[in-house]
Amino acid sequence: MFRSLHMKLTLILLLLITSLMVVVGAFLTINVSSFFTNTFYQQIDSVFGADQREFVSSLRGEAAQEDGALRIQQMMDAAAGRLGIDYSSRNYFVLDGATGAYLGGSADESAMPREQSPNLLTARNAVLRRDETGIGDVSDVTADYMDAAIPIFGGGNAFIIYILDNRDTVSGLNEQLFVIIMQALFIGLLISVLLSFLLSKTMVDPIEKLTAGAERVAAGDFGSALPVESTDEIGILTGTFNEMAGVLQTTLAAVENERNKLDTLFLHMTDGVVAFSHDGKLIHCNPAANDMLQRPVGPQCTYDELFGSIYPFQEMLALQRPNFAEGQLEAGDKTLEVYLAPFSDRERGGVLIVLHDVTEQHRNEERRKEFVANVSHELRTPLTNVRTYAETLRDAEGDIPLDTANNFLDIIITETDRMTHIVQDLLTLSRLDRGDAELVLSRFPFAESIRSVVRSSALNAQQRGHELTCGDLDHLPLIVGDRSRLEQVMMNILGNAIKYTPDGGHIRVLAGCEEDTVWMEVWDDGIGIPERDRERIFERFYRVDKARSRESGGTGLGLSIAREIVQRHRGTIALAPHEGPGTTIRMTLPIAQGRGGQTEE
Ligand code: ADP
C-alpha cells in the first residue's frame, strides 16, 4: 500500500505537517512559560529590587510597628498592581520571619504550599542571619509554580513577604495554545491530503505514463514516442526515455538483421553448423548438418551422444578462445571433419561445431592411391616379363634355338607395346583430367563415323568368327564434336564387344536420334558383366577379369577414357538394359555443342 508514489507523497506531507506543528507547539509552549517566568521576576525586581529602596524602606518602617504585619499587608495591597497580584493565580503572603507562620496576605493560608520552597528557605535563612539582601528569587523551571520570598526587618520584627504564582494562567494559556495547535494540525493534515492528491496528479501521472510507455517498449512495441509535456525533470526523463527507446529500436533492428543474415548463412551454407548450450543441449542445427549426420537431430539430442566421442564437453567449455579442437566422425557412409570451439563464457556460452563433409576428398584420396598402385602394378608386370626374357636370351649365349629366341623377342616386343599402350592411355587420361586436351570440334555425319569404325573392326570380328551387323544409319544427322576422339570411343566399345564375346558370337551396332541428341548402342551376346561390377567398369584400371583383359591386350583404361571424352561432349555413356547373355553399351551425344573447344568446319 505504501509502495505507491501517491501514498508516499501523502505520508511525507502528513509527517511534515505533524512535525512542523509539534516543533511550533513546543516552541510556543516553552516561550510562553519562560516569558511568564521572566515577567514575574521582573515585576518582583521592579518592586523589591536594589533600586527601589523607597518602597522597601517604607516596608521596613511599617514592619517596626506593633501591627507591622497588617501595615505591610496594606502596603502590599497598594503595590499589588505592579506585582501582578490577581488574587487568584498570584497572591502575596506576609509570614512571620522567625517561624514562617502565616500572618496575612491576599489569600488565606490554604493557598500556601505545604512544602517550604527553596526561595522561602533562602529568605528564612536570611532572617536568621538578619541579612536584608537574602531575597529568595531563583526560578525553578521544573516547579509548577513561581515564587519569591523577601525578608523585611523593622525594629526587632522580621517578616517575610512571600509572593506565589501557581502558574494557572500559563497553564491555561498553554492549554489554549495546544487546542489551537491541534486545530491547526487537523486543518494542516486535511490540506496536506488535498495537496498530495493535487501533487500526485501533476507528479505521478507523467510517471505513470512513463511506466506504461516503458512496459510497451519492454513488450517490443516501439510504435509511438511518449509526449513530453513539461520541461522539468520528468519532462527531461521522458525525452531521454524516448531517445533510449529509439536507440534500442535501432540496435534491436541491427541485431535482428545480423541474426537474419546468420540464419540465412547457416541455412544455405554447405558446411554443417551445430550449437550446444552450456548444459550440453542442442540449440541450433542447420539443414546441412542434419544431412551430414544422417540421423534425426532434434532438441532432445545432447552433445555427448553426437560428439562426446571426439572431445569431452566440459573440456571443450574450458578451452580458451581462439583455441579449438578438431576430429573426424564417420556418419553412415560419410566421413566428416569436425571443428569444435567454445563460444562466450562458461555460464552463458556453449560449444559451436562446424562439420565439413570430406567423403569425396577421402574417396578421391583412396582412388588416387589405388590408381598409383594400379599403374605401378600394370607397368611392373610387362617390365618383369621383358627383363626375364631379355636375361634368358643373354644368359643362353646363343644356346637357345632360333625359333624360341624369336618367340622370346616377340614377347618382349608385345610387352613393350603394352607398356607404350598403357603410358599413352595414361597420358590421354591425364590430359583429359587437366583439361589440356582441347576438343577439336567439327560438324560431321554421325552415321559416317559409325560406318568407318564398323569397317575398321570388321576384320577383327571376322577373325573371331563373329557376326557383326549394323542397323539403319540413314537418317542420322550431322553432329558437332571431336570426330577422331569420338571414333576412338566407338572403337573402344566395339573392340570390347569383340574381345569379350566368345568366338562365333553376334555383335550389333544400332544408332538413332531423339530431338537434340544422337545415340549409339553396341550389343553383344558375349560373357556379359556381372551385376556387382556394372557400377565400376568405367573406373580406371577396373577390369572384371584381369587375366582375360590382359591376354586380349586390354589396359583397363579404355572405358574410363571413353567416359571422359563423352562427358567432355556433354554426352553420356553407360551400360544399357540387356536381355539374355551379353552386354549393351549405350552412348548419347548432343547434336550441337555449346561453347568450348575449337570448331573445324
Ligand atoms: P580393357 O582394356 O580391360 O578392355 P576397358 O576399360 O575397355 O578396359 O573395359 C573395362 C572392363 O569392362 C573390361 O576389362 C571388361 O572386364 C569389362 N567389359 C567392357 N566391355 C565389355 C563387354 N562388351 N563385355 C564384357 N565385359 C566388358
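**View 1. Strand 9 facing strand 5 at V273.** V273 stands opposite V354 in strand 9. Strand 5 (residues 272-277) and strand 9 (residues 350-357) are antiparallel and pair over six bridges. Two strands pair if DSSP finds at least two bridges between them; strands (E, at least two residues) and helices (H or I, at least four residues) are DSSP runs numbered from the N terminus. This is a predicted model, in which local features need pLDDT of at least 70, side-chain atom pairs count only at pLDDT 80 or more, and totals for chains, interfaces and linings use all residues. Residues are numbered from 1 along each chain as its sequence is written, and side-chain values use heavy atoms, without hydrogens and water.

**View 2. The open sheet of five strands.** Its order is 6-5-9-8-7, with antiparallel pairing. Strand 6 (282-285) and strand 7 (325-331) are the edge strands, each pairing on one side only.

**View 3. The open sheet of four strands.** The order here is 2-1-4-3, and the pairing is antiparallel. At the edges are strand 2 (102-105) and strand 3 (146-154), each paired on one side only. Strand 3 is joined to strand 4 (residues 157-165) by nine bridges. In strand 4, L164 stands opposite D147.

**View 4. The stretch 596-601.** Over residues 596-601, pLDDT (the predictor's confidence in each residue, from 0 to 100) stays under 50. The model has 15 contacts (heavy atoms within 4.5 Å) beyond four places in sequence for these residues. The mean pLDDT of the chain is 88, and 98% of its residues reach 70 or more.
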